[in-house]
Amino acid sequence: MGLKGKLISQTEINGCKDLFHEMFRHKPHHLPNVVPQTIQAVDLHEGDWGTVGSVVNWKYTLEGQEKVVKVVVEDINEEKRLVTFKAFEGHLIEEYKTFKATVHIENEGENNLVLWTIEYEKQNEDIPEPFCYLQLAVNLTKDVDAHHVKN
């Protein structure tokens, strides 16, 4: 495989698409209360919640290991219910020259689908494809949706 790639997941949610989008755009700092087993902290480092250019520090657990990454909110599109995060500091940058995660919600008839797109460029051929991050996104989607449906 080459050094650059794109991974995409699609997960149907039962909860409100607007609440789901709001969680990732305006309230990611609430995620540690919703999914403490996965996300331990989301701290605003620079800017304002829900704005392009804001810098956010994420502390989370991946495959049993605690990780830290600093991201910039690169894009927000209300119509598509889309938010793009671009990593620029932390463990991800040790393995990937670029790493961008986009979450957006599409409607397919009566169904709301959460799509995660991970675009990346590996530092070298020995670095694995980031399938574990895509699985983390899918699990996060299911857990956040379950929280919204329950409450």
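Here are some notes on the cavities, the main pocket, the core and a few residues of this predicted model.

1. Let's start with the holes. The structure has two cavities of 30 Å³ or more. The largest has a volume of about 310 Å³, while the second largest holds about 40 Å³ of space.

2. What surrounds the largest cavity? Its lining is made up of 19 residues, and the ones nearest its centre are Trp58, Phe99, Ala101, Trp116 and Leu136. Strand 3 (55-62), strand 4 (65-77), strand 5 (82-90), strand 6 (96-108), strand 7 (111-122) and helix 4 (131-150) each give two or more residues to that lining. Helix 4 gives the most, with four residues. If you're wondering about chemistry, the lining of the largest cavity splits into 17 nonpolar residues, no polar ones and two charged ones.

3. The second largest cavity is lined by Phe24, Arg25, Pro28, Trp49, Gly50, Ser54, Val56, Val73 and Phe85. By class, that lining comes out as six nonpolar, two polar and one charged.

4. Arg25 is worth a look while you're there. It sits in helix 1 (residues 17-25). Is Arg25 buried or exposed? Its relative accessible area is 18%, and the cut-off for buried is under 20%, so Arg25 counts as buried. Leaving out residues up to four places away in sequence, Arg25 touches Trp49, Gly50, Ile76, Glu78 and Val83. Trp49 and Gly50 also turn up in the lining of the second largest cavity, along with Arg25.

5. Now the largest pocket, which has a volume of about 160 Å³. Its lining consists of Leu62, Glu63, Gln65, Lys67, His91, Glu94, Glu95, Tyr96, Pro128, Glu129, Cys132 and Tyr133. Strand 4, helix 3 (91-95) and helix 4 are the elements that give two or more residues to it, with helix 3 giving the most, at three. The pocket lining divides into five nonpolar, two polar and five charged residues.

6. One of the pocket residues, Lys67, is placed in strand 4. Not counting residues up to four places away in sequence, Lys67 touches Trp58, Lys59, Tyr60, Leu62 and His91. Leu62 and His91 line the largest pocket too. If you want a distance to check in your viewer, try Lys67 and Leu92: they are 25 residues apart along the chain, and their C-alpha atoms are separated by 8.8 Å.

7. On to the core. The largest nonpolar core has 38 residues, and Trp58 and Tyr60 touch the most other members. Helix 4 gives the most to this core, with six residues. Trp58 is also among the residues nearest the centre of the largest cavity.

8. What does Tyr60 reach? Setting aside neighbours within four places in sequence, Tyr60 is in contact with Thr38, Ile39, Gln40, Gln65, Glu66, Lys67, Val69, His91, Leu92, Tyr133 and Leu136. Among these, Gln65, Lys67, His91 and Tyr133 line the largest pocket, and Leu136 is one of the residues nearest the centre of the largest cavity.

9. Helix 4 keeps coming up, and here is its geometry. It has 20 residues and reaches 29 Å from its first C-alpha to its last, close to the 28 Å expected at 1.5 Å a residue. Its buried residues are Tyr133, Leu134, Leu136, Ala137, Val138, Leu140, Thr141, Val144, Asp145 and His148. An α-helix has 3.6 residues a turn, so residues three or four places apart point the same way.

Conventions
Residues are numbered from 1 along each chain as its sequence is written. This is a predicted model: local features need pLDDT of at least 70, side-chain atom pairs count only at pLDDT 80 or more; totals for chains, interfaces and linings use all residues. Side-chain values use heavy atoms; hydrogens and water are left out. On a 1 Å grid over the protein atoms alone, a cavity is a set of points where a 1.4 Å probe fits but cannot get out, and a pocket is an open set with protein on both sides within 12 Å along at least five of seven lines; lining residues have an atom within 4 Å of a point. Grid points are joined across faces, edges and corners, and a volume is the space filled by probe spheres set on the points. Ala, Val, Leu, Ile, Met, Phe, Trp, Tyr, Cys and Pro count as nonpolar, Asp, Glu, Lys and Arg as charged, and the others, Gly among them, as polar. A nonpolar core is a set of buried Ala, Val, Leu, Ile, Met, Phe, Trp, Tyr and Cys residues joined through side-chain atoms within 4.5 Å. Buried means under 20% relative accessible area, exposed over 50%, partly exposed in between (1.4 Å probe, protein chains only). Contact means heavy atoms within 4.5 Å. The expected span of a helix is 1.5 Å times one less than its number of residues.
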